[in-house]
Every structure is written in C-alpha cells, then in structure tokens.
Amino acid sequence: MRPTAISADRTRAVLTIAWDDGHQSELAFALLSAWCPCAVCTEERNNPDPLKVVQPKSADLESIQPVGNYAINIVWKNGCRYGIYTWEYLRELEAIQKSGRHA
Ligand SMILES: [Zn+2]
C-alpha cells in the first residue's frame, strides 16, 4: 500500500494522503509532530524523564521530502529534521488519531 498523492494544508494544519487502495487519510500536524519518529523523540517517548517539564511541541511544518518509495521525511520548524514516516507508520498514526489516544 502506498500513497498516490500527499498534500500539506498549512491553513488547516492537516496532511492529506490519498492511498492506492482508495482510502484517504487526514492527519493533524499536531499528531504527526507528537509522534515524530526521529531518534530523539522516540527516546523521549520510550524513556520519559519524570522530572522534565514537557513542553507542547510546536507543529509548524517546514517541508516534506520523499524517502525512497517507502516513506516521507517531515521537517518541523521545532528542530526535528530526521523523522522518517513510513507508509505503515502513517497508517498507524491514523488509527491512533481515530482512537483519540493522542494528547
Ligand atoms: Zn523528533
């Protein structure tokens, strides 16, 4: 399964993905940023420091680059530049968004 079109709507802060099975995903920038898969953010999610004051991350999208034919790299203005979002991960995030599990 792979996208046929990806577009970022900065006004609504939503990433829209059209998949080749006809499904369409709308993923909020806030969700994508909160689940940034870069090494630093993954470590923070897996081993949260109980004493650290967690600041909500800004979710300003700078750019999106294709990575091979399996992922996109989303560059955030908050400094996260290395998050590789695979197609599977994006579908997982959509499930998380639907479940309302994300803050
Ligand atoms: Zn990150």
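In this predicted model, the hairpin of β1 and β2 has four residues between its strands, and alanine 13 takes a positive phi near 55° there. Alanine 13 has this positive phi although it is not a glycine. Its place is in the loop between β1 (3-9) and β2. Because buried means under 20% relative accessible area and exposed means over 50%, alanine 13, at 29% relative accessibility, counts as partly exposed. The two strands of the hairpin pair in the antiparallel sense, over six bridges. Within this pairing, alanine 5 stands opposite alanine 18 of β2.

**The nonpolar core**

Strand β2 (14-19) also takes part in the largest nonpolar core, which has 21 residues; Leu32, Ile74, Trp76, Tyr85 and Leu90 touch the most other members. Two or more residues are given to this core by each of β2 (14-19), α1 (29-34), β5 (71-76) and α3 (87-99). Helix α3 supplies the largest share, five residues.

Which residues are in contact with leucine 90, leaving aside its neighbours within four places in sequence? They are Ile17, Trp19, Leu27, Leu32, Ile72 and Tyr85. Leu32 and Tyr85 appear in this list, and both are also among the core residues that touch the most other members.

**The zinc site**

The zinc ion has as its protein donors the SG atoms of Cys36, Cys38, Cys41 and Cys80, which lie 2.3 to 2.4 Å from the ion. The angles among the four donor atoms run from 96 to 117°, and the site is tetrahedral. For comparison, the ideal angle for four tetrahedral donors is 109.5 degrees. In sequence, the donor residues follow the spacing C-x1-C-x2-C-x38-C.

Are the donors Cys36 and Cys41 buried or exposed? Both cysteine 36 and cysteine 41 are buried. The table gives the relative accessible area of two of the zinc donors.

| Donor residue | Relative accessible area | Class |
|---|---|---|
| Cysteine 41 | 5% | buried |
| Cysteine 80 | 11% | buried |

Cysteine 41 is buried because its relative accessible area of 5% falls under the 20% limit. Cysteine 80, at 11%, counts as buried because the limit is again 20%.

How many disulfides does the structure hold? The structure holds zero disulfides. A disulfide would be a covalent bond between the sulfur atoms of two cysteines. In this model, the sulfur atoms of Cys36, Cys38, Cys41 and Cys80 are instead donors of the zinc ion.

Terms used:
Residues are numbered from 1 along each chain as its sequence is written. This is a predicted model: local features need pLDDT of at least 70, side-chain atom pairs count only at pLDDT 80 or more; totals for chains, interfaces and linings use all residues. Side-chain values use heavy atoms; hydrogens and water are left out. Donors are N, O and S atoms within 2.8 Å of the metal (3.2 Å for Na, K and Ca); water is not among the atoms, so sites may look incomplete. Four donors count as tetrahedral if all angles lie between 85 and 135 degrees; four count as square planar and six as octahedral if opposite donors are over 155 degrees apart and all others between 65 and 115; anything else is irregular. Buried means under 20% relative accessible area, exposed over 50%, partly exposed in between (1.4 Å probe, protein chains only). A nonpolar core is a set of buried Ala, Val, Leu, Ile, Met, Phe, Trp, Tyr and Cys residues joined through side-chain atoms within 4.5 Å. Contact means heavy atoms within 4.5 Å. A disulfide is a pair of cysteine sulfur atoms within 2.5 Å. Two strands pair if DSSP finds at least two bridges between them.
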